[in-house]
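Here are my comments on the model you sent round, set out as numbered points. I begin with the overall make-up and then turn to one helix pair.

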Amino acid sequence: MHVMIDYHDKPDFPTLAAYISQHYAALRLPYQQWAYLARLAIQHLPYNERQLDLLANDITRQRTELHRAILFASEHFCDELLDHIRTQAHMSKYAWKSFYKNQPITLKNGFHLLIF
């Protein structure tokens, strides 16, 4: 699943669109798992701190890869094609914009960054 895009040669639209869609879809389950554990932590209920940290690190790594792809797409494709990518990935405009920020996922910012 962790196929990397070569940005030295401009990736074609179908390749980059598929990459973004697949990687965004792969984040849905970790997002849900992180949100569940984060809610427990915020409510001061028992939770698996190690699992929360592992999920946060994995999500941050995957978001970094998507951040790069989305910035590249935004710089090289017109708005119509970007809308097509978002539609194909089932991603809201707000979720798309959240990838412009390349920040680690924490309890403080996680719920703002992990948007569908």
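**Notes on the predicted model**

1. Read from the N terminus, the elements of the chain follow the order α-α-α-α-α, and the secondary structure amounts to five helices and zero strands. Please keep in mind throughout that this is a predicted model.

2. On overall dimensions, the radius of gyration of the chain is 15 Å, which is close to the 13 Å given by the globule rule for 116 residues, so the chain is as compact as a globular protein of that length. The C-alpha trace, taken along its principal axes, spans about 45 × 25 × 20 Å.

3. As for burial and contact order, 42% of the 116 residues in the chain are buried. If one takes the contacts between residues at least 6 apart in sequence, 69% of them join residues at least 24 apart.

4. Two packed helices are described by the angle between their axes and the distance between those axes. Helix α1, covering residues 13–42, packs with helix α2, covering residues 49–76, at an angle of about 150°, and their axes lie 9 Å apart. Because angles over 145 degrees count as roughly antiparallel, α1 is described as roughly antiparallel to α2.

5. The handedness and chemistry of this pair can be stated as well: the crossing of α1 and α2 is left-handed. Sorted by class, the residues in the contact of α1 with α2 comprise 21 nonpolar, four polar and two charged ones.

Key
Residues numbered from 1 in each chain as written. Predicted model: local features only at pLDDT ≥ 70, side-chain atom pairs only at ≥ 80, totals over all residues. Heavy atoms only, no water. Axes fitted to C-alpha atoms, helices over the stretch in contact; angles between N-to-C directions. Helix = DSSP H or I, 4+ residues; strand = E, 2+ residues; numbered from the N terminus. Parallel < 35°, antiparallel > 145°, perpendicular 65-115°, else oblique. Left-handed = near helix turned anticlockwise from the far one by under 90°. Nonpolar A, V, L, I, M, F, W, Y, C, P; charged D, E, K, R; others polar. Rg over C-alpha atoms; globule rule 2.2 N^0.38 Å. Buried < 20%, exposed > 50% of the residue type's maximum accessible area, 1.4 Å probe, protein only. Contact = heavy atoms within 4.5 Å.
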